[in-house]
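Student: I'm new to this one. Could you walk me through it?

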Amino acid sequence: IAFNLPSKGLKIMHLNVRSIGNKRELIKILLLKRSIDILALTETWLDETWHDLELTIPGYNLFCKDRSSNIQARPRVGGGIAIYIHEDLNGKRRRDLEWPA
């Protein structure tokens, strides 16, 4: 992810959520109440069954990398990341820097 830095500084947070499914409302409250600029979530357990619209939070751009769906290569245990970036930061995804699935 590349973005323009604000002059006021950044509030960045990382959470290992161990499945985002039942924590979506808590994540929304956290972002909006704490005015966090960037929230990185690991172990989201997101896969192709999730749609970005289910995870959208007003005022934030969402970037996701689902966990591997290749069950033969490795069992589906954990995995997946999501990053919420405040829309004022103009974030953009850099797929050229990502690890292969």
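Student: Among contacts between residues at least 6 apart in sequence, what share joins residues at least 24 apart?

Tutor: Keep in mind that this is a predicted model. A contact here means heavy atoms within 4.5 Å. Take the contacts between residues at least 6 apart in sequence, then pick out those that join residues at least 24 apart: they make up 70%.

Student: Which pattern do the helices and strands follow along the sequence?

Tutor: There are two helices and four strands to place. Reading along the sequence, you get β-α-β-α-β-β.

Student: And which strands are at the edges of the sheet?

Tutor: The four strands make an open sheet with mixed pairing, in the order β1-β2-β4-β3. An edge strand pairs on one side only, and that fits β1 (12-16) and β3 (60-65).

Student: How do β1 and β2 run, parallel or antiparallel?

Tutor: Five bridges join these two strands, β1 and β2. One spot to look at is N16, which stands opposite T42 in β2. As for direction, β1 and β2 run parallel.

Student: What angle does helix α1 make with β2?

Tutor: Helix α1 covers residues 24-34 and packs on the sheet, where it touches β1, β2, β3 and β4 (81-86). Comparing its direction with that of β2 gives about 155°.

Student: Is D47 buried or exposed?

Tutor: Look in the loop between β2 (38-42) and α2 (52-55), where D47 sits. Its side chain makes a polar contact with the side chain of T49, at 2.4 Å. Buried means under 20% relative accessible area. D47 has 9% relative accessibility, so it counts as buried.

Terms used:
Residues are numbered from 1 along each chain as its sequence is written. This is a predicted model: local features need pLDDT of at least 70, side-chain atom pairs count only at pLDDT 80 or more; totals for chains, interfaces and linings use all residues. Side-chain values use heavy atoms; hydrogens and water are left out. Buried means under 20% relative accessible area, exposed over 50%, partly exposed in between (1.4 Å probe, protein chains only). A polar contact is a pair of N or O atoms within 3.5 Å; within protein, one must be able to donate a hydrogen and the other to accept it, and residues adjacent in sequence count only if both atoms are side-chain atoms. Two strands pair if DSSP finds at least two bridges between them. Axes are lines fitted to C-alpha atoms, for helices over the stretch in contact, and angles run from 0 to 180 degrees between N-to-C directions.
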